[in-house]
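Welcome! Please take a moment to turn the structure around on your screen, and then we will walk through it together.

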Amino acid sequence: RHEYAFIGRSNVGKSSLINMLTGRKSLAMTSSKPGKTTLINHFLINDQWYIVDLPGYGYAQRSKEMQRQIKKIIEDYILERQQMTCLFVLVDSRHDPQKIDLEFMEWLGENSVPFAIVFTKLDKLSSAAAKKQTEKYRNTLLESWESLPPIFYTSSADMRGRNELLDYIEELNQLPL
Ligand code: GDP
């Protein structure tokens, strides 16, 4: 089955986004390990595809050693999953491009991992500010990338971007594994 992983810095809004995506009544969600908190969680959607909830990175409260270990677990997981059709990298739309996110995307590129960018919490910005911030982000990416990955503009608060994301996943689900 196709897998779609979600990742980002701690507090970026990953849990909220996953809830937003799975919240629709027509999406039946089952967790592979119900009731258990594990580092990497899988949710089977409609008996058809998986959401993979990867741990947040860059969490200041964690020790350097713990951060290093989690980074290694994330990287090993990503590299071994052939069925990971797309990795969604979440970035908080209020923040300027962060080194840790840009470096992670570079690592994805070097390892030929297909990814898309998801701007979160857009409800927190005026439409003018949102336009300015996301344009700044795209321009930063274009300093090191020839072309932009797919980009989604979302808010879990007002459900913005939900259909676009689900439509994109639905489209990728049609591809052979
Ligand atoms: P995670 O640590 O990446 O899983 O982030 P959470 O989903 O737990 O969200 C972190 C904080 O941001 C929480 O206080 C959420 O209520 C808030 N949050 C998440 N998404 C949104 C959003 O789209 N809009 C607003 N206004 N707040 C959000």
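**Around the ligand**

In this predicted model, a polar backbone atom of Asn11 sits 3.0 Å from an oxygen atom of the ligand. Another backbone contribution comes from Ser156, where a polar backbone atom is 2.7 Å from a ligand oxygen. With Ser15 it is the side chain that takes part: one of its polar atoms lies 2.6 Å from an oxygen atom of the ligand. Taken alone, the ligand would expose 570 Å², and the protein buries 67% of that area.

Now look at the residues that surround the ligand. Among them are Gly13, Lys14, Ser15 and Ser16, along with Lys121, Asp123 and Lys124, and also Ser155, Ser156 and Ala157. By character, this shell divides into six polar, four charged and two nonpolar residues.

Next, let us turn to a pair of helices. Helix 1 covers residues 14-22 and packs against helix 5, residues 162-173. Their axes are 10 Å apart and meet at an angle of about 75°, which means that helix 1 is roughly perpendicular to helix 5. Which residues make the contact? Helix 1 brings Leu17, Met20 and Leu21, while helix 5 offers Arg162, Leu165 and Leu166. Of the residues in this contact between helix 1 and helix 5, five are nonpolar, one is charged and none is polar.

Notes: Residues numbered from 1 in each chain as written. Predicted model: local features only at pLDDT ≥ 70, side-chain atom pairs only at ≥ 80, totals over all residues. Heavy atoms only, no water. Near = heavy atom within 4 Å. Polar contact = N/O pair within 3.5 Å; in protein donor to acceptor, adjacent residues only side chain to side chain. Areas by Shrake-Rupley, 256 points an atom, 1.4 Å probe, with all protein chains shown as cover. Nonpolar A, V, L, I, M, F, W, Y, C, P; charged D, E, K, R; others polar. Axes fitted to C-alpha atoms, helices over the stretch in contact; angles between N-to-C directions. Helix = DSSP H or I, 4+ residues; strand = E, 2+ residues; numbered from the N terminus. Parallel < 35°, antiparallel > 145°, perpendicular 65-115°, else oblique. Contact = heavy atoms within 4.5 Å.
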